[in-house]
Amino acid sequence: MKSHARVVVIGGGVVGCSVLYHLTKFGCRDAVLLERKVLTAGSTWHAAAGFHAFNGDPNIARLQAYTISLYQEIQEAGEQNVGLHVPGGINLAATPERWEFLRTEWSRHRFMGLDTHLIGPAEIKKMCPIVDVGDVIGGLYDPHDGHLDPYGCTHAYARAARKNGAEIYQQTKVEALTPRADGGWDVVTDQGAICAEHVINAAGLWAREVGSMAGVRLPLIPMEHHYLITENIPELEALDREIPVTVDLDGEIYLRQEHKGVLLGVYEKNSTPWALNGTPWSYGETDLLPPHLERLEDNLVQGFKRFPSVGAAGIKRVVNGPFTFTPDGNPLVGPVRGLHNYWVACGCMAGFSQGGGVGLALAQWILEGEPQDNVYAMDVARFGAFATPAYTAAKAREFYEHRFYLARPNEQWPAGRPAKTTPVYDLQQAANAVFGVTYGQEMALWFAPKGAQPSETPTFRRSNAFRPVGEECRAVRAGVGVFDASGYAKYDISGPAAETWLDRLLACRLPAIGRARLAPMLAPSGRLMGDLTVMRLAADHFMVTGSGYLQEWHMRWFEHHLPERGVEVSNVSDSLLMLAVAGPKAATLVGRLIGGDHDPAAMPLLSVIERDIGLAPTRLARLSLTGETGYEIYAPSQYLRQLYVRLLEEGRDLGIRPYGVWALLSLRLEKSYGIWSREFATEYTPRMCGLDRFVDYGKADFIGREAALREREATPARQLATFIVDAKDADAAGFEPIWIGERVVGYTTSGGYGHTVGESLAMGYVESADISPDAPYEIHILGERCKARMIMEPAYDPGGGRMRRSAAAR
């Protein structure tokens, strides 16, 4: 066994072998894979091994499509048959709402480049003669879906990697990981030790154990999963072709052909986590769990109803094998914060749909510094300390049981909640708040009318929240509103080198003392790594704020670029909370609480001061995402409750009203303000999204400067735009195609109703050559094309006078 390697991959399943192959494909020949038993000896060997590109996240869908396109390549590169079957796949819809969903997904596939087709019951029956289409409305067909041999696929990756120079050691159990002073790792095995520059945890069922060796608690658990294999079915014996992989989304079952019988899998409601306290090292390459068909009774009844001949066939084999789930069902990929060169590629429950994409992204990340695609939905940094084992178990079970559930965009799932709450949570409950959750923390989405049930009806259309949210928006525009923004991320940055460090980290010009500035943060490629706000409190003291759910992600980036001394960075998001006050009467309200000679109306936009408000020591910033006069009031967490109460009391005669996230999103759309994960993300550049006006191109040095300068000289392929949409009872939700005639010229990033302008609004990216206020745009909403008009300035207060005004309405 080698004593040194640049990269050591731990785990010989399909994901680990894919990572190894991609490392060698991109030129890293000095790579080793360690497998405790033999390749596939975990959850890979017993997988149903289906693959599909269908995914609600376009970025993940692209990686899944890449995975599928890779199979022919590795079969040839590894000189190993992968047992590829590509009969296509059909997702069935048996309810009007599910059919509407599939039509919407089909429209999204137009800009994603997926070759899918909407088909009717007769065509479904022709393709899959064993399905009962009596109540089926239609289906979504992808000719590229299929299944393969998990053993052959894994060994194809492995053989191709070996041909490229990698080494694989089987029957080699990793027993310890020790960090080295030079930033590498000593990987201790039962066959000796290897000194590695990088370690990748791709250990699948044992990822938690390999994580613990490095002091990492990974949020994933194994879940039991059943599928049945039947005896031969006469209808299939009579066919000279293979039927498509068929998913009954409403029945939550999937089926594919297995020889002349079928493999039928279910995601039952009474799911069973396995090995919560750790996966036994003795679990082997031929081990399965005892079957529990009684748990599957309801699903099997539905399955035999949908596929009657399956119910009449004998059962040849029942497989119950564990595979890993994370709280949201997506893999854990990327570098682990606080551990130099420790990477993860685990929690991949759809390994044969996603394994190739995971390998691609991780190899690019390690060798080139960043993945080429936006992989945040897979990034291990999307979880923080809130993802405890109890939370992980609750959410993983919930996801498993809702694997094919028709999730609506306004739906909030209940498992693992409430976990984190703010000091005003009970006051918001008393005000009939309807809550959502972000990064484990409860947040008020909207406030139901007094006496009404505080819940929102899940729907793809406008919900029962529509009218109350409109009232919240109008209250902010006409008077004053208060928003609990405690979930925002706040970072305290100080030290003699803080200014120099931040000046390189951020692409903007740093503000003067007592001022704030919007601050794009770039990767070396010039793509966005953050849309932050930086406030300068003193010559060597700053506060940076951003999206709350990016705390771990931002801190990992900050720490990666920290110098050895001279800068201290602290995440103070939980100890320093924030209330936002906005509206034409906001200055009057804040002035009442400050008292004395200071008039908050005289504060310039983007200014920051330290003031006591009532009994609370606060940091007051003149900022707002609403487009109105607004203030962000930062206070230590122990003061937030009394500050909130005082604001409501002092603002009663001003008509103060609490408002929630839904209102804020409507107000920001009216101003064409982008937000992270929608208009701003790692696949975009400042020029594409309009953040270039905040980039200081004249600075001598900042991360991404060379790429940003190159981009400034060229027209970006796409640019961000805002539309007024001729919609009726539903609005754009994001990732709908934008059409001119029969050409897809872009896609939406977000949408909603602008309550104070009386219009349905959408934001999205359009090909630069097709940007015109006179173009006949259409936007797909719930499968229907709606006329849309591009607007070249915000729908509300285009001059920005209401936000900038220095005199408050009194």
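# Exercises on cavities, a pocket, cores and single residues

The largest cavity is bordered by Lys420, Thr438, Tyr439, Gln441, Ser486, Gly487, Tyr488, Gln551, Ser573 and Asp574. The model used in these exercises is a predicted one.

**Exercise 1.** State how many cavities of 30 Å³ or more a search of the whole structure finds, and describe the lining of the largest cavity by class.

*Solution.* Begin with the count: the search of the whole structure gives two cavities of 30 Å³ or more. Next take the largest cavity, whose volume is about 60 Å³. Its lining, which includes Lys420 and Asp574, is made up of two nonpolar, six polar and two charged residues.

**Exercise 2.** Describe the second largest cavity, giving its space, its lining residues and the elements that supply two or more of them.

*Solution.* First, the space in the second largest cavity comes to about 40 Å³. Second, the residues that line this cavity are Phe54, Gly89, Asn91, Thr116, Leu140, Tyr141, Asp142 and Asp145. Third, β4 (89–93) and β6 (138–142) are the elements that each give two or more residues to this lining, and the largest share, three residues, is that of β6. Finally, sorting the lining of the second largest cavity by class gives three nonpolar, three polar and two charged residues.

**Exercise 3.** Work out which strand gives the largest share of the lining of the second largest pocket, and which residues are the closest to the centre of that pocket.

*Solution.* Start with the pocket itself: the second largest pocket holds about 400 Å³ of space. It is lined by 22 residues, and the closest to its centre are His147, Leu148, Arg256, Glu258 and His259. Now turn to the elements, where β12 (221–230), β14 (253–258) and β16 (315–325) each contribute at least two residues to the lining. The largest share, three residues, belongs to β14. As a last step, divide the lining of the second largest pocket by class, which yields 10 nonpolar, six polar and six charged residues.

**Exercise 4.** Find the residues with the most contacts inside the largest nonpolar core, and list what Phe558 touches.

*Solution.* The largest nonpolar core has 99 residues, and Leu23, Ile200, Leu502, Leu506 and Phe558 are those with the most contacts inside it. If residues up to four places away in sequence are set aside, Phe558 touches Tyr491, Trp501, Leu505, Met521, Leu532 and Val569. A second core, separate from this one, has 47 residues, among them Trp99, Phe460, Phe723 and Tyr777.

**Exercise 5.** Is arginine 556 buried or exposed, and which side chain does it join through a polar contact?

*Solution.* Locate the residue first: arginine 556 is part of helix α15 (residues 551–560). Its relative accessibility is 12%, and because buried means under 20%, arginine 556 counts as buried. Then look at its partners, where the side chain of arginine 556 is joined to that of aspartate 379 by a polar contact of 2.7 Å. With neighbours within four places in sequence left aside, the contacts of arginine 556 are Pro335, Arg337, Trp365, Asp379, Val380 and Ala381.

**Exercise 6.** Examine the backbone at glutamate 252, alanine 275 and proline 418, and say where each residue lies.

*Solution.* Glutamate 252 is not a glycine, yet its phi is positive, at about 60 degrees. Glutamate 252 is placed in the loop between β13 (245–248) and β14, and it counts as buried because its relative accessibility is 9%. Alanine 275, also a residue other than glycine, has a positive phi near 55 degrees. Alanine 275 sits in the loop between β15 (261–266) and α8 (297–306), and its relative accessible area of 19% makes it buried. For proline 418 the feature is the peptide bond from arginine 417, which is cis with omega near -10 degrees, and proline 418 is found in the loop between α11 (389–401) and α12 (425–430).

**Exercise 7.** Describe the surroundings of glutamate 231 and compare its separation from valine 14 in sequence and in space.

*Solution.* Glutamate 231 belongs to the loop between β12 and α7 (234–237). Its relative accessible area is 36%, so glutamate 231 is partly exposed. Leaving out neighbours within four places in sequence, its contacts are Lys260, Gly261, Ala313, Gly314, Ile315 and Lys316. From glutamate 231 to valine 14 there are 217 residues in sequence and 28 Å in space, taken C-alpha to C-alpha.

Conventions. Residues numbered from 1 in each chain as written. Predicted model: local features only at pLDDT ≥ 70, side-chain atom pairs only at ≥ 80, totals over all residues. Heavy atoms only, no water. Core = buried A, V, L, I, M, F, W, Y, C linked by side-chain atoms within 4.5 Å. Buried < 20%, exposed > 50% of the residue type's maximum accessible area, 1.4 Å probe, protein only. Contact = heavy atoms within 4.5 Å. 1 Å grid on protein atoms, 1.4 Å probe; cavity = no way out; pocket = protein on both sides within 12 Å on 5 of 7 lines; lining within 4 Å. Points joined across faces, edges and corners; volume = space filled by probe spheres on them. Helix = DSSP H or I, 4+ residues; strand = E, 2+ residues; numbered from the N terminus. Nonpolar A, V, L, I, M, F, W, Y, C, P; charged D, E, K, R; others polar. Polar contact = N/O pair within 3.5 Å; in protein donor to acceptor, adjacent residues only side chain to side chain.
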